[in-house]
Amino acid sequence: MTAKLTIDVSETEKLVENGDGTAEALAGKLSEVFRTEVPGALCRVDGAAFRDVMASLPTAVSVVTAIDPDGAPRGLTCSAVCSVSADPPQVLVCINQRNGSLAAIRHSGAFVVNVLGSTSAGLSDQFASSAAEKFSDVDWRPAPNSGLPVLDGSAHAFIDCELTADITAGSHSILVGAVQACGTDIDSMHPLLYWRRAYGTWLQHES
């Protein structure tokens, strides 16, 4: 099944004719267009078996950050991150719709993916928790484009994204971001990995 996105040009033309052709108004209308839903399907797989299979897929661990309407930094631990396109550069993240940071991302219209280093397992647990003040002891700096949090000393790479699509799929939202800035310090540390419900890191294979 596929989700079809259709832009009604007449609606944006009305905004301009009514004198409400500001970037904010047009962005609001487009946000309605790009927030869509993937049709569900009958589940024929045991949920526990599915989770066991997915736990066997090693993934990098990231913290996705944004700013809420009160100006407070928000974030969550996320392993569902991947590249969508190299030209133009785009990435996607998948976030549970019940997660409080999702509203902050939508408010920001942007998000930052902080790829954690191997020594940041504790930070991953902190941002995966339900704690209200996850940033209380975390150093961060504004990302170059969005100004959203880049985690100092914990992330060995970051991706600063503008939110371009918001797709509902089951219990999660698939957020697609156009990369506006990124950076890495390859020599600083090994990545933090998650496999079979435990943390690990990368070991170079010797041929």
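**Entry 1: the hairpin**

I started with strand 12 and strand 13, which form a hairpin with two residues between them. This is a predicted model, so I'm reading everything here as a prediction. In the turn I looked up arginine 196, and its phi is positive, about 50°. Then I checked how the strands pair: strand 12 (residues 192-195) and strand 13 (residues 198-201) run antiparallel, over four bridges. I also noted who faces whom: tryptophan 195 stands opposite alanine 198 in strand 13.

**Entry 2: from the turn to helix 3**

Next I asked myself: which residue forms a salt bridge with arginine 197? I found aspartate 52, with the closest N and O atoms 3.1 Å apart. Aspartate 52 sits in helix 3 and arginine 197 in the loop between strand 12 and strand 13, so the pair ties together parts that are 145 residues apart in sequence. I looked up the accessibility of both partners. Arginine 197 has a relative accessible area of 51%, and the cut-off for exposed is over 50%, so arginine 197 counts as exposed. Aspartate 52 comes out at 44%, so I wrote down partly exposed.

**Entry 3: the nonpolar patch**

I stayed with helix 3 (residues 47-55) and picked out valine 53, which is found in this helix. Is valine 53 buried or exposed? Its relative accessibility is 56%, so I put it down as exposed. Valine 53 has company, too: Val45, Phe50, Val53, Met54 and Leu57 form a nonpolar patch on the surface. Together these residues have about 480 Å² of accessible area.

**Entry 4: more salt bridges**

How many salt bridges does the structure hold? I got four, and I looked up two more after the one in Entry 2.

One of them joins the side chains of arginine 106 and aspartate 166, at 2.7 Å from N to O. This pair links distant parts of the chain, with arginine 106 in helix 4 (residues 101-108) and aspartate 166 in strand 10 (residues 155-169), 60 residues apart. I checked the burial of each partner. Aspartate 166 is buried, because its relative accessible area is 4%, while arginine 106 is partly exposed at 30%.

Another is between arginine 141 and aspartate 152, whose closest N and O atoms are 2.4 Å apart. Arginine 141 lies in strand 8 (residues 140-142) and aspartate 152 in the loop between strand 9 (149-151) and strand 10, so this pair ties together parts 11 residues apart in sequence. I have arginine 141 as partly exposed, at 37% relative accessible area. Aspartate 152 is also partly exposed, at 32%.

Technical notes: Residues are numbered from 1 along each chain as its sequence is written. This is a predicted model: local features need pLDDT of at least 70, side-chain atom pairs count only at pLDDT 80 or more; totals for chains, interfaces and linings use all residues. Side-chain values use heavy atoms; hydrogens and water are left out. Patches are made of residues with over 30% relative accessible area and no salt bridge: like charges are joined within 9 Å, nonpolar side chains (Val, Leu, Ile, Met, Phe, Trp, Tyr) within 5 Å. Accessible areas come from the Shrake-Rupley method with a 1.4 Å probe; for residues, only the protein chains shown count as cover. Buried means under 20% relative accessible area, exposed over 50%, partly exposed in between (1.4 Å probe, protein chains only). Two strands pair if DSSP finds at least two bridges between them.
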